[in-house]
Amino acid sequence: MKIILVGLGLIGGSVAKSLKQNTGHQVLGMDTDQDALLDACSCGAIDGKAAQEDLKTADLVYLCVYPEAALAFAREQGPLLPEGCVLTDACGVKAAVCAGMEELAGTGRYAYVAGHPMAGKERSGFGASDPSIFVGASYIIADTGAPGWAVERVEELARAMGFGRVVHTTPQRHDQMIAFTSQAPHALACAYVMSPRCPEHQGFSAGSYRDVSRVANINESLWSRLFLDNREALVEELDQLQKNIGAIRDAVAGEDEATLRRLLQTAAQIKRQYG
């Protein structure tokens, strides 16, 4: 296939490298950052830069850009894509993107498949791209009524890149779960390192500090947009987090050891049961 990657940051670059390592497909890249394109060409992550003419013969276009940019591409370039082309994305929110794509239905001949590779790093940019982050990870496909052949094409690519499982869900369920598994931990990490004690942690920190603070090294432009695009689900999750922290805080402040033990025991049991 001729695959065009739009956006060669952490995820786009990792997808490009993985496809070149694990498949025989032709991989072309598009990015507003010319340095990223040059680096991707130089290291063999892509076969070359994609021109607008290449869109007319593409078999699959992979949008690895911010949600607004993904919708803008579909609106402006989607009409160029041929019949039988699959347009898919790697956006971290699905309801807003899928709703936008639905509004564009009929403006192009492509088939849209909503995807989200559940992998990443705290660093961003092509220089951080690494195909090993996909090995054993989950690949989520949100149901938008895409034809079966198009979904199968995306699934096959996911497995070729080393993903351990493909999970099918709805856009709404995706965003609800991502608020818990991804967005709330990022918000927690950011709140944690804003403590006035953080600048003095050297010599006092070990695994617990590293585990909680790791994802605070955040791409603020991307995550601000993801938080706001999923605000209802995230606010609900943050309210629950505040409630739970408040219960622990009140037990400590009130020297209520029995309640504190119960809360910590409940948390430990949940972690042991669900991992």
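A charge counts as sitting over a ring if NZ of Lys or CZ of Arg is within 6 Å of the ring centre and within 35 degrees of the ring normal. Lys17 does just that here: its charged end sits over the ring of Phe126, 4.8 Å from the centre. Keep in mind that this is a predicted model. Beyond that contact, the structure has four aromatic pairs to look at.

**Tyr192 and Tyr209**
- These two tyrosines make a tilted aromatic pair, with 6.1 Å centre to centre and 50° between the planes.
- Tyr192 belongs to helix 7 (residues 171–193) and Tyr209 to helix 8 (residues 207–213), so their pairing ties together parts that are 17 residues apart in sequence.
- Tyr192 comes out as partly exposed, because its relative accessibility is 38%.
- Tyr209 has 17% relative accessibility, so it counts as buried; the cut-off for buried is under 20%.

**Trp223 and Phe227**
- The ring centres of Trp223 and Phe227 are 6.0 Å apart and the planes are at 70°, so you're looking at an edge-to-face pair.
- Both residues sit in helix 9 (residues 220–229), four residues apart, which is about one turn of the helix.
- Trp223 is buried, at a relative accessible area of 15%.

**An aromatic cluster**
- Phe134, Tyr139 and Phe163 come together as one aromatic cluster.

Key. Residues are numbered from 1 along each chain as its sequence is written. This is a predicted model: local features need pLDDT of at least 70, side-chain atom pairs count only at pLDDT 80 or more; totals for chains, interfaces and linings use all residues. Side-chain values use heavy atoms; hydrogens and water are left out. Rings of Phe, Tyr and Trp (its six-membered ring) pair if their centres lie within 6.5 Å; planes under 30 degrees apart count as stacked, over 60 as edge-to-face and the rest as tilted. Helices (H or I, at least four residues) and strands (E, at least two) are DSSP runs, numbered from the N terminus. Buried means under 20% relative accessible area, exposed over 50%, partly exposed in between (1.4 Å probe, protein chains only).
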